[in-house]
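Me: Please take a close look with me at one part of this structure, and explain in connected prose what is found there and around it. I am in my first year, so a careful pace would help.

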Amino acid sequence: MYAQMIKSTGQGVKSDEQMTEQERAFQARIDAGEKIEPKDWMPDGYRNNLIRQIGQHAHSEIVGQLPEANWITRAPTLERKANLIAKVQDEAGHGLYLYCAAETLGISRDELVDMLHSGAMKYSSIFNYPTLTWADMGAVGWLVDGAAIMNQVPLQRTSYGPYARAMVRICKEESFHQRQGFHIMMAMCNGNQAQKRMAQDALNRFWFPALMMFGPSDKDSVHSAQSMAWKIKMNTNDELRQKFVDETVPQAHYLGLTIPDEQLVLNEDTGNHDFTEPDWSEFHSILKGDGPCNVERLEVRAKAWEEGAWVRDGMMAHAEKRASRKAAAG
Amino acid sequence: MSHRHVGSLHAPDGEMAIKNARDVYTRRNEGVSIWVVESNQVLASSPTDKGPLFEPSNSKVYRHPTFYDIPDDVGAM
Ligand SMILES: [Fe+2]
Ligand SMILES: [Fe+2]
């Protein structure tokens, strides 16, 4: 998902006897559906796990602006351009909500940004694929934001208050993203043959990367077990992936597009679709930094950060000068 | 007009904080005015203190008008 393969304590979930009294009380609050707030006591593992997860989520929102920003200047109409700008601007907002939520755990935004730039923290694998044609704006909104929604909706109920509240805001804004993407796909699929081919090609390229967004199967993962006990993670990766496939297949049919998976079939017994797993070796190599756009994405982010430094410094200097003038006058 | 907390942000000063808040928190017309305050100026109670802070008002039902039974004959009151 936007946060993939988040490491927890790695020790597995502690039994009641292994927990200290404080940990037991903490777990009881979570089990009772209470929200944990920044000033509350929390285990270090919970705090660190959340910093990794919220940080990775925030980075994904920010880096996720790049593949779409690529097409803003070349949107086919002024209206599409305005739609896309609004969408990309929302993603910047999502990044900010999430950095703020992470900051309540005692890490600064500057530290998080440094870790993104140094490669110490990751962002979602999906943003390391290029956006080659305008149809990719449709596919990204439809599939990538669609997959994000699938993951973010249950996270509105996550146990950490600031994270849950950020998710509520994000989810409210997210459905416009998916719909504007689907709208682009509809326009292209109702267009001429060449446009339809572009739409199909975009689906072909983004289908498996979208499935990878949920991360590899984690049904046996000790990290996920702990995250789920803490209600930092609400569903397994496989559950969400299945839900995504089941919801997306009819949408593709509506568009008259073919999902690029010959094994895809509705399983009459389960009511779910059977489908081909994505190539997990590709996923792992992207996480290692070897995807088609990893280097470019980080370069662009680092460059924006460095080249914006004089603006940030200037604003601070201006604010300080004004404050000291005011103090002198007062 | 009641203001409610919508979120935090970074800014060099109050003026910029208002501009940033407008961009970050009111993209869909969610506000008619913005208050900003430096977070280090905010003193907050802890959610775990909610018992001692708010429990006492729970037991004082006589602070609500419905506590007092007034016959209907009296008319609107
Ligand atoms: Fe987003
Ligand atoms: Fe989005």
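Reply: A donor here is an N, O or S atom within 2.8 Å of the metal, and since water is not among the atoms, a site may look incomplete. It should also be said at the start that this is a predicted model.

With that in mind, we can begin at the iron ion (ligand 1), which is coordinated through OE of A:Glu61, OE of A:Glu91 and ND1 of A:His94, at 2.1 to 2.2 Å. Along the chain, the donors of this iron ion (ligand 1) follow the spacing E-x29-E-x2-H. The two glutamates link distant parts of the chain, for A:Glu61 belongs to helix H2 and A:Glu91 to helix H4 (residues 78-103), 30 residues apart. A second metal must be added to the picture, because the iron ion (ligand 2) lies 3.3 Å from the iron ion (ligand 1), and A:Glu91 coordinates both. Are these two glutamates buried or exposed? A:Glu61 has a relative accessibility of 1% and therefore counts as buried, while A:Glu91, with a relative accessible area of 3%, is buried as well.

From the metal site we can move to the space around it. A search of the whole structure finds two cavities of 30 Å³ or more, and the largest cavity has a volume of about 40 Å³. Both A:Glu61 and A:Glu91 are among the residues that line this largest cavity, together with others including A:Tyr2, A:Glu68, A:Lys87 and A:Asp145. Helices H2, H3 (65-69), H4 and H6 of chain A each supply at least two residues of that lining, and H6 gives the most, with three residues. By class, the lining of the largest cavity divides into four nonpolar, three polar and five charged residues.

The second largest cavity, about 30 Å³ in volume, shares some of these residues: A:Phe127, A:Val140 and A:Val144 appear in the lining of the largest cavity and again in that of the second largest, where A:Pro67 and A:Phe206 are also found. The lining of the second largest cavity, however, has seven nonpolar residues, one polar residue and no charged residues.

Helix H2 can also be followed away from the metal, towards an open space. The second largest pocket holds about 410 Å³, and H2 (44-63) and H6 (135-155), along with H9 (222-229) and H10 (237-255), each supply at least two residues of its lining. Of the 27 residues lining this pocket, those nearest its centre are A:Met5, A:Ile6, A:Ser224, A:Lys233 and A:Asn237. The lining of the second largest pocket divides into twelve nonpolar, twelve polar and three charged residues. A:Ile6 is placed in the segment before helix H1 (21-31), and at 14% relative accessibility A:Ile6 counts as buried.

A last feature of H2 is an aromatic contact. A:Tyr46 and A:Trp230 form an edge-to-face pair, with 5.6 Å from centre to centre and 90° between the planes. Because A:Tyr46 lies in H2 and A:Trp230 in the loop between H9 and H10, this pair ties together parts that are 184 residues apart in sequence. Both A:Tyr46 and A:Trp230 are buried, and they form one aromatic cluster with A:Phe26, A:Trp41 and A:Tyr160. To put H2 together, then, this helix holds A:Glu61 of the metal site, contributes to the lining of the largest cavity and to that of the second largest pocket, and carries A:Tyr46 of the aromatic pair.

Key:
Residues numbered from 1 in each chain as written. Chains lettered and ligands numbered in written order. Predicted model: local features only at pLDDT ≥ 70, side-chain atom pairs only at ≥ 80, totals over all residues. Heavy atoms only, no water. 1 Å grid on protein atoms, 1.4 Å probe; cavity = no way out; pocket = protein on both sides within 12 Å on 5 of 7 lines; lining within 4 Å. Points joined across faces, edges and corners; volume = space filled by probe spheres on them. Helix = DSSP H or I, 4+ residues; strand = E, 2+ residues; numbered from the N terminus. Nonpolar A, V, L, I, M, F, W, Y, C, P; charged D, E, K, R; others polar. Phe/Tyr/Trp six-rings, centres within 6.5 Å; stacked < 30°, edge-to-face > 60°. Buried < 20%, exposed > 50% of the residue type's maximum accessible area, 1.4 Å probe, protein only. Donors = N, O, S within 2.8 Å, 3.2 Å for Na, K, Ca; no water.
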